[in-house]
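Hi everyone, thanks for making the time. I'd like to walk you through a structure that will be new to most of you, so let's get it up on the screen.

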Amino acid sequence: MAPVRSYTNWNCRENDAKEQIEPYRKYFFICEGANTETWYFRKLIDIRKSLNIHPLIDIRLLEKTDEDKDISFPRKLITFAESQKDNQEIAFELFLLLHFENSYEQEILPNQDKIIANQKEGNQTFIYKLLLSKTGVNSKKNPQIGELAEKVDIAIMQEKKMNEDIHNCKGKITCNIGKIIESIRMDKEI
């Protein structure tokens with residue numbers, strides 16, 4: 001069994017008679033195994049052509065499984081990803097909220113202090129509840145949340161209105177997922 005579950009559609013060919021071409025660049029999204037991120041990035045990979053992502057770019061979703069707690073592939077990257085998954089300051093739901101027109105002005109700005117604090121009420125964080133009220137979809141249990149990837153252009157534009165610098169994010173609402181996706185889209189073969 002492979003140490004990490006991998007999802008990609010880069011190497012899918014129309015038929016097996018065509019020669020296999022190696023990608024000139026690979027990007028990996030590492031998910032902690034949470035449904036929300038996995039559903040979103042699988043959809044993003046599936047619609048890569050409509051997003052004008054260069055055909056020779058391989059995008060892979062790497063999802064840790066329970067059996068793979070102690071893997072060291074590649075050790076530093078996984079260790080970093082593991083250390084971040086319990087960080088309450090990181091909320092993927094914030095990025096998902098950006099997929100709606102004017103969500104920055106209507107949802108995020110008026111609630112910025114609550115979003116930064118991201119306190120839990122019961123077992124749900126503030127940003128999770130905000131996303132739930134906007135979508136009507138339980139992002140942890142409903143794969144429909146992945147369909148938001150179709151609106152990634154809106155999210156990229158909304159994200160530009162907030163801090164995208166992960167090195168200067170303490171006390172600021174910060175997101176750079178759209179910036180990363182945009183850079184992948186802009187990447188062209190050298």
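Okay, let me start with one residue. Glu93 counts as buried, because its relative accessibility is just 8% and the cut-off for buried is under 20%. Before I go on, a quick word of warning: what you're looking at is a predicted model.

So what does a buried Glu93 do with its side chain? Its side chain and that of Lys140 meet in a salt bridge, 2.8 Å from N to O. That pair links distant parts of the chain: Glu93 is in helix H3, while Lys140 is in the loop between H6 and H7, 47 residues apart. Lys140, for its part, is partly exposed, with a relative accessible area of 40%.

Let's zoom out for a second. The protein has 190 residues, and 41% of them count as buried. You'll find 8 helices and 5 strands in it. If you read along the sequence, the order goes β-β-α-β-α-α-α-α-β-β-α-α-α. The accessible surface is about 11600 Å², and carbon and sulfur atoms make up 49% of that. And here's a number I like: take the contacts with a separation of 6 or more, and 71% of them are between residues 24 or more positions apart.

Back to salt bridges. How many does the structure hold? The count is 10. One of them joins Arg25 and Asp187, with the closest N and O atoms 2.6 Å apart. Arg25 sits in strand E2 and Asp187 in the segment after H8, so this pair ties together parts that are 162 residues apart in sequence. Is Asp187 buried or exposed? Asp187 is buried, at 9% relative accessible area, whereas Arg25 is partly exposed at 27%.

Another salt bridge is Lys160 with Glu182, where the closest N and O atoms are 3.0 Å apart. Here Lys160 is in the loop between H7 and H8, and Glu182 is in helix H8, 22 residues apart. Lys160 is partly exposed, with a relative accessible area of 41%, and Glu182 is partly exposed too, at 27%. There's also a little network: Lys43, Glu147 and Glu150 are joined by salt bridges that share partners.

Now for the rings. The aromatic pairs come to 6. Take Phe29 and Phe41: their ring centres are 4.3 Å apart and their planes are at 20 degrees, so this pair is stacked. Phe29 is in strand E2, residues 25-31, and Phe41 is in helix H1, residues 35-46, with their positions 12 residues apart in the chain. Phe29 and Phe41 are both buried. Then look at Tyr40 with Phe41, which is an edge-to-face pair: 5.4 Å centre to centre, and 90 degrees between the planes. Tyr40 is buried as well. Put the ring pairs together and you get a cluster of Phe29, Tyr40, Phe41, Phe92 and Phe95.

Phe95 turns up again in our next stop, Ala155, as one of its contacts. Ala155 lies in helix H7. It counts as buried because its relative accessibility is 0%. Leaving out residues up to four places away in sequence, Ala155 touches Phe95, Leu98 and His99. As a sense of scale, Ala155 and Leu94 are 61 residues apart in sequence, and their C-alpha atoms are 10.0 Å apart in space.

What about helix H6, residues 126-135? Its buried residues are Phe126, Ile127, Tyr128, Leu130 and Leu131. Those pack against helices H3, H4 and H5, and against strand E5. Right after H6 comes Gly136, with a positive phi near 70 degrees.

Last stop: Asn163, in the loop between helix H7 and helix H8. Where does its side chain reach? To the backbone oxygen of Asn168, at 2.9 Å. Asn163 is buried, since its relative accessible area is 18% and buried means under 20%. Not counting residues up to four places away in sequence, Asn163 touches Asn168, Cys169, Lys172, Ile173, Thr174 and Cys175.

That's the tour. Thanks for listening, and feel free to spin the model around yourselves.

Terms used:
Residues are numbered from 1 along each chain as its sequence is written. This is a predicted model: local features need pLDDT of at least 70, side-chain atom pairs count only at pLDDT 80 or more; totals for chains, interfaces and linings use all residues. Side-chain values use heavy atoms; hydrogens and water are left out. Rings of Phe, Tyr and Trp (its six-membered ring) pair if their centres lie within 6.5 Å; planes under 30 degrees apart count as stacked, over 60 as edge-to-face and the rest as tilted. Helices (H or I, at least four residues) and strands (E, at least two) are DSSP runs, numbered from the N terminus. Buried means under 20% relative accessible area, exposed over 50%, partly exposed in between (1.4 Å probe, protein chains only). A polar contact is a pair of N or O atoms within 3.5 Å; within protein, one must be able to donate a hydrogen and the other to accept it, and residues adjacent in sequence count only if both atoms are side-chain atoms. Contact means heavy atoms within 4.5 Å. Accessible areas come from the Shrake-Rupley method with a 1.4 Å probe; for residues, only the protein chains shown count as cover. A salt bridge is a side-chain nitrogen of Lys or Arg within 4 Å of a carboxyl oxygen of Asp or Glu.
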